[in-house]
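The following explanation is intended to be read beside the sequence and the three-dimensional view. It proceeds from the whole chain to its strands and then to individual residues.

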Amino acid sequence: MSAARTLERAIDAERYPLAEPASAGWDAVVSATRAELAETGCCVLPGFVRPEWQETLRDECASVERDAHFDVETVNAYNIDVHTPLPDGHPGRLTVERGNAFVARDRLPAQHIVPRLYSNPLFQHFVASCFGLPEVHELADPLSGLVLNVVRPGMEHPWHFDTNEFTVSLLTREAEGGGAFEYCPNIRSAEAENFDNVRRVLTGEGAHLVRSLTLRPGDLQLFKGRYSLHRVSAVRGAISRHTAIFAYSERPGVVGSVARTRQLFGRVLPEHLAAEGRAVRVDALLD
């Protein structure tokens, strides 16, 4: 199936004319998205997936939840070793339990909607344009480039920063209760960690720095997660919350570290071993 046909079937092309990048409608969506990203580091495109395709999207992702790697563990907001020597008062010394899980890219059937979108050149061009980039690259990581984030009832995805500069996500199933996305717009930059404000949020003293939004199935979220601390609050009810996460980078060749990959997926592949020690990064932040 052609790239244009894939988008035509699943995406609300009237609101989001991705197959018409020279059109006034395309320019309007991209301009508005850029403006919101510049102001808050986050933009939501509601109803990106057509209502009649949301059930298929939900069922496809639900069918692979069994392949998620579940392992409750103690982590910090930087996803570095919790035993890393850090000064007193450093926010990296504050730990929480991470109970969410990920289905890796190699467990997502290629014919499903989410993998088709991730590799779709029209979708990639749209994403790049929204972030003001000439192009974006799929992660070279065979596991973490595209994942399904699963948050089961009673669990949460705790405060953290992303390794890559920006993330695109698509909610495929909402929780019956809880599961709000909370974030701190641009709480740090490529030049400044701003540890004091990060610590305030982690200790519950920085509520004024936190924004909350409720996503609906089919909503596409563009987010600068490298610089905005964020989390998914505890999920309530009987079903898991599912989010497809499309990870792209400004630079080619990005592969996750061996330690981080084993933490998230319970396994590593030859690509991770080969890339160890030569990570591609765009800044010198803690992680």
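The paragraphs below treat the overall fold, the strand pairings and four selected loop residues.

The structure is a predicted model. The chain contains 8 helices and 15 strands. Its radius of gyration is 18 Å, close to the 19 Å that the globule rule gives for 287 residues, so the chain is as compact as a globular protein of that length. Taken along the principal axes, the box filled by the C-alpha atoms is roughly 55 × 40 × 40 Å.

Burial, contacts and surface complete this overall view. Of the 287 residues, 51% count as buried. Among the contacts in the chain with a separation of 6 or more, 85% are made by residues 24 or more positions apart. The accessible surface comes to about 12600 Å², and carbon and sulfur atoms account for 49% of that surface. The chain carries 30 positive and 38 negative charges, and the mean positions of these two sets are 2 Å apart.

Among the strands, S15 deserves a detailed reading. Strand S15 spans residues 241-249 and is mostly covered, with 9 of its 9 residues buried. In a regular strand, the side chains alternate between the two faces of the sheet. How are the two faces of S15 covered? On one side, Arg241, Thr243, Ile245, Ala247 and Ser249 are all buried; on the other, His242, Ala244, Phe246 and Tyr248 are all buried as well. Both faces of S15 are therefore covered, and each of these residues counts as buried because its relative accessible area is under 20%.

Which strands pair with S15? Strand S5, residues 137-138, pairs with S15 in the antiparallel sense over 2 bridges, and His137 stands opposite Ser249. Strand S6, residues 146-151, also runs antiparallel to S15 and is joined to it by 6 bridges; here Leu146 has Phe246 as its bridge partner. Strand S8, residues 166-173, pairs with S15 in the antiparallel sense over 7 bridges, and the bridge partner of Ser169 is Ile245. The partners of Leu146 and Ser169 thus bring the reader back to residues already named: Phe246 lies on one face of S15 and Ile245 on the other.

A further set of pairings involves strand S13, residues 229-232. Strand S7, residues 157-160, pairs with S13 in the antiparallel sense over 2 bridges. Strand S10, residues 181-184, pairs with S13 in the antiparallel sense over 4 bridges. Val232 in S13 appears in both pairings: Val232 is the bridge partner of His157, and Phe181 stands opposite Val232.

The loop that follows S7 offers a link to this region. Asp162 lies in the loop between S7 and S8. Is Asp162 buried or exposed? Its relative accessible area is 12%, so Asp162 is buried. Not counting residues up to four places away in sequence, Asp162 touches Thr167, Arg188, Phe223, Gly225, Arg226 and His230. Asp162 and Leu229 are 67 residues apart in sequence, yet their C-alpha atoms are 8.3 Å apart in space.

His112 provides another case of a buried loop residue. His112 is placed in the loop between strand S4 (101-103) and helix H4 (113-118). With a relative accessible area of 15%, His112 is buried. Its contacts, not counting residues up to four places away in sequence, are with Glu60 and Ser63.

Finally, two asparagine residues may be read together for their backbone angles. Phi of Asn79 is near 55 degrees, a positive value in a residue other than glycine. Asn194 likewise has a positive phi, of about 55 degrees, although it is not a glycine. Asn79 lies in the loop between strand S2 (73-75) and strand S3 (96-98), whereas Asn194 lies in the loop between S10 and helix H6 (195-202). What is the relative accessible area of Asn79, and what is that of Asn194? For Asn79 the value is 13%, so Asn79 is buried. For Asn194 the value is 37%, so Asn194 is partly exposed.

How values were computed. Residues are numbered from 1 along each chain as its sequence is written. This is a predicted model: local features need pLDDT of at least 70, side-chain atom pairs count only at pLDDT 80 or more; totals for chains, interfaces and linings use all residues. Side-chain values use heavy atoms; hydrogens and water are left out. Buried means under 20% relative accessible area, exposed over 50%, partly exposed in between (1.4 Å probe, protein chains only). Contact means heavy atoms within 4.5 Å. Two strands pair if DSSP finds at least two bridges between them. The radius of gyration is taken over C-alpha atoms; the globule rule is 2.2 Å times the number of residues to the power 0.38. Accessible areas come from the Shrake-Rupley method with a 1.4 Å probe; for residues, only the protein chains shown count as cover. Lys and Arg count as positive and Asp and Glu as negative; His and the chain ends are not counted. The place of a charge is taken as NZ of Lys, CZ of Arg, CG of Asp or CD of Glu.
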